[in-house]
Amino acid sequence: MYNKAIAIIGTGYVGLVQGICMADFGLKVINVDTDEEKISSLKNGHIPIYEPGLKEKFDRVLRKNSIEFTTDIVYAIDNAEVIFTAVGTPPNKDWTADLENVYAVARNIGTYMDDYKLVVTKSTVPVGTGKRLKSIIQEELNKRNVNHPFDVASNPEFLREGKAVQDFMVPDRVVIGSESQKAIEILKNIYRPLNLNQVPFVITGIESAELIKYASNAFLATKIAFINEVANLCEKIGADVHEVAKGMGMDGRIGSKFLHPGPGYGGSCFPKDTRALVATAREVNERISIVEAVIESNENQKIRMVNKMEDKMGTIRGKIIGVLGLTFKAETDDVRDAPSLVIVPELIKRGAIIKTYDPEGIPNFRRQMREFERNITYCYDQYETAKNADAVVILTEWNEFRQMDIRAMKKVMNDSFVFDFRNIFNPKSVRELGFTYEGVGR
Ligand code: UGA
C-alpha cells in the first residue's frame, strides 16, 4: 500500500470523486483548489455536486481525517510525492482544450518542488500534453538552477456521472501511460486496493494513454449516434429499435451497451471530447470524418425531436408543453450540453409555452436559460407540470418518471400528446390510455 500523501489539484467533478474515493481506501489525500469559497465549504462538510454514494464516503473520510482541503498549492507540493492534476480544461472557441490551468499547475510544481515528484494528468488533455508538461517543469527547474528528478504520467478517468463512485471502485481498467518504470510502479501501488478486485492495468506510452481517453469517448458517442439514426430509420419502415438493438447487441463484437436511442447525447464529456478529437486530428492534417459525422448527427437529433413534435401536433404555436427532465441524463444535476438546452429554446422560438420539472437540474438549467425566463414555468413535480399541458415530453430518464401515474396526468392535461424521447414507457399501454404516444424509433 502506498503510504505517502497524494495531492489532487482541482476539486471539480473528477478531482473530488478521485480524492474522496482514494481517501476512503486509506490514502492520505490533499485536495487543492484556488476557489476559497469552495474549499471552505468543503471543509465544513458541504459537497457541491450531486453524486450517488459520494456524500457518505465524504462524511466518513472527513471524520477519519484522511482528506485535507486547501488553497495552498505549495503546501500540497511540499507534502505529496504524487500530484494528480484534475483541473478544468474548458473548450476554446475552436473546440481545442484550453490547457492554461494544467500548465499553471506544472509551472507551480517546477517552481516549488524540492525532491522527486510524479505528476499525473487526470484531466482530459490532448495528445502531447504530457510531453509539454515535462518541458514546462524542466524549464522552471532550469530557471532555479536545480535538477530535481520528476516523472510525468497520464492516467485518464472513465467515470460516468451518476455512477462515478461505482466506476471508480470497480473500473473496467486502469490506464497508466508513462515512460518511467518508477512512475508506473508508484501508480500501481496507489491503485493496488482496486487491483485486489482483479481490475486490469493497461500500461502504455503517455501518448497512447492520452488518446485512449478521447478515442473511447468518441467511440461511445458514435454508438449512440449510430443507434439514433437506426431509430429514425425504424420509424420510417415500421421496425422497433429496441428489438434491433437487442439483436445487434447480443453479438459480442458489438455489445449491448450504449445502444439506447434518445434525444441526443449531452454532458460535459462527449460533446467536448468528440470536437477536441476532430481538432487534434486537423492539427496534424488528418481527419476523423466518422466523428465529424457523429457530431453533426447528434445536433440534428435534437432538432429532429422538435420537428417530430410539431409534425404530430400540427403546430406548437401557443401550445403548453410540459418538459420532464432537463439534465443530460438521470442521477445528476448537470445540464451541460444537455439536449434540453437546445430543445426548450427551439420550442419557445416556435411559439410554445413551457412548464418544466426536473428532480435535480432546475437551478443549473435556470441559470443558463435566463433569456427565456418569461416563457418557462418551473414546477415542483411531474403532475403540476402536466396540468393544462397539451403535450408532455420526457427528455431525461429519471426513475420517478418511469413510475409516474400517467392516468392521473391525463385527467389534468388539456390535450393528450406524450413524447417519450427516452423510451421509458411501453407504447402500447400508454396508447391504450388514450394518449397520442411517440417514442424514438418504435
Ligand atoms: C462519459 C463516459 O461514459 C465516461 O466513461 C467518461 O469518463 C466521461 O464521459 C468523461 O469523459 O468524463 P458521462 O458524460 O458521465 O460519461 O455520461 P454517459 O453515461 O456516458 O452519457 C453521456 C450521454 O449519452 C448522456 O446524455 C446519455 O443520456 C447519452 N446516452 C448514453 C444515450 O443517449 N444512449 C446510451 O445508450 C447511452
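1. Let me start with Lys134, a residue of helix 6 (residues 129-144). In this predicted model, Lys134 is partly exposed, because its relative accessible area is 37% and the partly exposed class runs between 20% and 50%. Its C-alpha atom is 36 Å from that of Glu296, and the two residues are 162 positions apart in sequence.

2. Ile212 makes a good companion case. Ile212 belongs to helix 10, a helix that spans 206-237. With a relative accessible area of 23%, Ile212 is partly exposed; the limit for buried is under 20%. From Ile212 to Val175 the C-alpha distance is 8.4 Å, with their positions 37 residues apart in sequence.

3. On to the ligand, where helix 10 returns. Which residues come nearest to the ligand? They are Phe158, Glu161, Lys213, Asn217 and Arg422, out of 19 residues around the ligand. By class, the shell holds nine nonpolar, seven charged and three polar residues. Helix 10 gives the largest share of this shell, namely three residues. Helix 12 (270-283), like helix 10, supplies at least two residues of the shell.

4. Where does the ligand lie with respect to the domains? Residues of the shell come from domain 1 (6-204) and also from domain 2 (220-438), so the ligand lies between the two domains.

5. The polar contacts of the ligand deserve a look in your viewer. At Gly266, a backbone N or O atom is 2.9 Å from an oxygen atom of the ligand. Phe328 also takes part through its backbone: one of its polar backbone atoms is 2.8 Å from a ligand oxygen. Lys329 uses its side chain instead, with a polar atom 2.9 Å from an oxygen atom of the ligand. As for cover, the ligand taken alone exposes 710 Å², and the protein buries 91% of that area.

6. Strand 1 (residues 5-9) is worth opening up next. Is this strand largely enclosed or largely open? Five of its five residues are buried, so strand 1 is largely enclosed by the rest of the structure. Ala5, Ala7 and Ile9 point one way, Ile6 and Ile8 point the other way, and all of them are buried.

7. The partner of strand 1 is strand 2, and the two pair in the parallel sense over five bridges. Within that pairing, Ala7 stands opposite Ile30, while Ile9 has Val32 as its bridge partner. Strand 2 (residues 28-32) is itself mostly covered, with four of its five residues buried.

8. Two loop residues have a backbone angle you may want to check. Most residues other than glycine have a negative phi. Trp95, however, has a positive phi, near 75°. Trp95 sits in the loop between strand 4 (80-85) and helix 5 (100-112). This tryptophan counts as partly exposed, because its relative accessibility is 31%.

9. Asn423 is the other one, with a positive phi near 50°. The loop that holds Asn423 runs between strand 13 (417-420) and helix 19 (427-432). Is Asn423 buried or exposed? Asn423 is buried, because its relative accessible area is 7% and the buried class covers values under 20%.

10. Thr204 lies in strand 8 (residues 201-204). A relative accessibility of 16% places Thr204 among buried residues, since buried means under 20%. The side chain of Thr204 has a polar atom 3.4 Å from the backbone nitrogen of Ala209.

11. Lastly, Ile316. This residue is in the loop between helix 13 (289-313) and strand 9 (320-324). Ile316 counts as buried, because its relative accessibility is 0%. Its C-alpha atom is separated by 9.3 Å from that of Val306, which is ten residues away along the chain.

Conventions: Residues are numbered from 1 along each chain as its sequence is written. This is a predicted model: local features need pLDDT of at least 70, side-chain atom pairs count only at pLDDT 80 or more; totals for chains, interfaces and linings use all residues. Side-chain values use heavy atoms; hydrogens and water are left out. A residue is near a molecule or strand if one of its heavy atoms lies within 4 Å of it. A polar contact is a pair of N or O atoms within 3.5 Å; within protein, one must be able to donate a hydrogen and the other to accept it, and residues adjacent in sequence count only if both atoms are side-chain atoms. Accessible areas come from the Shrake-Rupley method with a 1.4 Å probe; for residues, only the protein chains shown count as cover. Ala, Val, Leu, Ile, Met, Phe, Trp, Tyr, Cys and Pro count as nonpolar, Asp, Glu, Lys and Arg as charged, and the others, Gly among them, as polar. Domain bounds come from an automatic or database domain assignment. Buried means under 20% relative accessible area, exposed over 50%, partly exposed in between (1.4 Å probe, protein chains only). Two strands pair if DSSP finds at least two bridges between them.
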